[in-house]
Amino acid sequence: MRDNGFDHPLTRRTLLGLTLATAAAIVPGCSKSATGPRSSVPATGSDDPQAIAADAYVFGYPLVLMDVSRVAAGGSNRFLHAQNLPTSSDRAVVRMNLDTLYSSAWLDLGPEPMVLQVPAMPAGRYWLMQLLDAWSNTVQDPSSTNPQPAQQQSGPAHTYVITGPGFTGDLPGNLTHLPMPTPTAWLIGRIQVDGEDDLPAVHTLQQQMKLMPLSAWLAGTPATPANLARPQGDPPPDQVSAMDPAEFFDRLCAVMAVNPPAPADAPMLKRIAALGITPGGKPNPQPAGLLAAAVKDAQHRMVTYRNPASRDVNGWKYATDLGAYGVDYLLRANVAMTALGANLTRDALYPSIVDTADDHGIPRRFRLRFAADQLPPAAAFWSLTAYTADSYLVENEADIYAVGHAVPVVAGPDGSVELAIQHADPGPTVPKGNWLPIPAAGEFSLTLRLYAPKPEAIDGTWKPPGLIVVPAA
């Protein structure tokens, strides 16, 4: 699983590509967006088969990637619980966070609904249960800040029933209904962890989570904890990139038969049907060179996608409306390629910045200063993590990878908070919790994580301060 981040090194170019992406807060299958309608008009509008095939690739990429990820997980309706906090030696996933442990499960809602129970959490412990449809849209997001309790709920645990499309049965009044528009869904759960010493407590909470068929829940059958093994083999994005174009379009047709597109996708479905690309269909034979050129064009459009509506504030780049995409297919594909599983902004916000750690081999020192009462505004908590040029945690003797969360920052006499962002230990004048190590040389990046960001972080009233370079002595 990715940490809502990247599956390739984070450079200024790839950072721009992700953070300039914005998405409408739209429920899949509807055509109304909170930020206005998204255009589904193809980039070319050409009836040339190559242009249509390229549009079909952009349209179908998230669905195929989600399906490959599902197969790689090795099973449905069972959790994969993360157990440990990452260190700089971990290379399985890029841009890891040290704030939450994940509990992931792929759901098959075709046979019957699934019941999810989140145990009672200690006061102040952040949690989020994100549900994505098969097209990579975040559809449901109960959390500690918005638990959505059922009307007849009793007790502190929160219990949800997740249904697929077309479900018409009766549901108990003590279960919160979370309908999904596709029978395949991806549950990405997150539970706050406050450092290594807190891991046992989070493990206990993970084991108390329940995921079981509705019929078993109604029958009172005890839930059997079943933790899947971490997937092995090539990462799903690499598997999709390596697909022969004909294989990709065959897979797209097959998966669309199980997880149909939304009604709003009708114009695109009509367009790509000209090539035989339909749910459950068989694509018309096309020259191999034509399909290869179409895929190359589509991938180029996805990688280089830019959205000028997103923000660049004091060097920090971030999108404020990710997670659900309506008919903005290019945005959806770009985010799937770079950050599959992106949260809705109301759940998490990730401003990021890239800089260079040295000046012709001489390490540079930076400061990040938050004025009094201007720390990142989050209803849950915030953190700041440093990464190397290839998006891994920064190796350092102090084993410090993030600040702001597990070890609280210390304010100065005037109430401001100044963080030392540098490779060398700044010494005793900098309080514990106020030093974040970066590499001695080369490019590095920082990511601010705001969990349950407050309105002023989303609407731009609050602005992250810029990095300050400390002059060389």
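**Exercise 1. Which residue caps the N-terminal end of α2, and which backbone nitrogen does a side-chain oxygen lie 3.0 Å from?**

A word on the model before we start: it is predicted, local features need pLDDT of at least 70, side-chain atom pairs count only at pLDDT 80 or more, and totals for chains, interfaces and linings use all residues. Residues are numbered from 1 along each chain as its sequence is written, and side-chain values use heavy atoms, leaving out hydrogens and water.

Solution:
- Locate helix α2, residues 49-73. Helices are DSSP runs of H or I with at least four residues, numbered from the N terminus.
- Now look at Asp 48: this residue is the cap, with a side-chain oxygen 3.0 Å from the backbone nitrogen of Gln 50.
- At the other end, just after α2, Gly 74 has a positive phi of about 90 degrees.

**Exercise 2. Find where α2 bends, and by how much.**

Solution:
- Fit axes to the seven residues ending at a residue and the seven starting there; the angle between them is the bend.
- At Gly 60 this gives about 45 degrees, and Pro 62 follows within four residues.

**Exercise 3. Decide whether Tyr 57 is buried or exposed, then describe its pairing with Tyr 61.**

Solution:
- Buried means under 20% relative accessible area, exposed over 50%, and partly exposed in between (1.4 Å probe, protein chains only).
- Tyr 57, at 2%, is therefore buried.
- Rings of Phe, Tyr and Trp (its six-membered ring) pair if their centres lie within 6.5 Å; planes under 30 degrees apart are stacked, over 60 edge-to-face, the rest tilted.
- With ring centres 6.0 Å apart and planes at 40 degrees, Tyr 57 and Tyr 61 are a tilted pair.

Technical notes. Helix = DSSP H or I, 4+ residues; strand = E, 2+ residues; numbered from the N terminus. Expected span 1.5 Å × (residues − 1). Polar contact = N/O pair within 3.5 Å; in protein donor to acceptor, adjacent residues only side chain to side chain.
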